[in-house]
Amino acid sequence: MIKSLMFFDMAFWFYLITAVLYILNWIVKYDWIGKSATVMAFIAIFANTMILVTRTIESGHAPFSNLYESMVLFVWATAIGYLIIEFRYKIKVIGAVVMPLAFIAMFSASQLPYRFQNVEKLNPALQSIWLEIHVFTTFVGYAAFAIAFGLSIMYLIKELMIEKGRRNALIDAFPATTILDELSYKGIMWGFPFLTIGIITGAYWANNAWGTYWSWDPKETWSLITWFIYAAYLHARVTRGWRGKRAAWLSVIGFLAVIFLYWGVSFILPGLHAYA
């Protein structure tokens, strides 16, 4: 466990430095700061990957069995997703919003009680290949939604400034609202199938472990609510032509549902998923 905690500490500070560099690049717009931010993002992801690798070696199973481990996976997927956007679209300013989100998630993981950080044997219900499939797909979906959330926040801020006729050099540095709207949509387009697979594989796994596909456990119920929010987003966008503010607000609501699903349900509403 010592090695995984060591890499966690390294990744924690690397993500903090990365977030600061992306924010500085947004503010002062020095090319070398932007390049440094990208390099630091790679270094942080490497340390993040090493947490997952060493945790797997130390525990003897995939590192997805509790809040601490799944938060590390979430940060890893979010950071990789952001870098794909950066290299695909050459828009570095998005990192000033998304990478701080990744750091906040890392910080949240660091604040969890030690019992979550400790390596423990899997309980019988978790001893299944579906642990890897269900958790991995679900958290890749969450990461895509987090990126879409960051883009939607940028959209709403920029749109508000445009509506009020105000100019601000920092907000002007954001991509055009049409680009933010489209990238947020693509984020949800990527995340939705992963969440869907996560729910389906979770139901199959539940039937194997507990003898029922669906038991209306609080986590299952909120997973379904979250799925419906994003399904409504895609339905409204495709069939009703929803764009802009309405779509951005729905994206924000969807991610707030994800946060409650993961943190709120885990600590407030006891159920079969109490370990996560």
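What is the volume of the second largest pocket? The second largest pocket has a volume of about 260 Å³, and the legends below describe its lining together with that of the largest pocket. This is a predicted model, in which local features need pLDDT of at least 70 and side-chain atom pairs count only at pLDDT 80 or more, while totals for chains, interfaces and linings use all residues. Residues are numbered from 1 along each chain as its sequence is written, and side-chain values use heavy atoms, with hydrogens and water left out.

**View 1. The second largest pocket and its lining of 15 residues.** A pocket is an open set of points on a 1 Å grid over the protein atoms alone, where a 1.4 Å probe fits, with protein on both sides within 12 Å along at least five of seven lines, and its lining residues have an atom within 4 Å of a point. Nearest the centre of this pocket lie Phe74, Ala105, Phe255, Ile259 and Trp263. Two or more lining residues come from each of α3, α4 (95-110), α6 and α10 (244-268), and α10 gives the largest share, five residues.

**View 2. The largest pocket, with about 510 Å³ of space.** Of the 18 residues that line the largest pocket, Gly81, Ile84, Ile85, Ala144 and Trp190 are the closest to its centre. The elements giving two or more residues to this lining are α3 (67-89), α6 (129-164) and α8 (177-210), helices being DSSP runs (H or I, at least four residues) numbered from the N terminus. The largest share, eight residues, comes from α3.

How values were computed:
Grid points are joined across faces, edges and corners, and a volume is the space filled by probe spheres set on the points.
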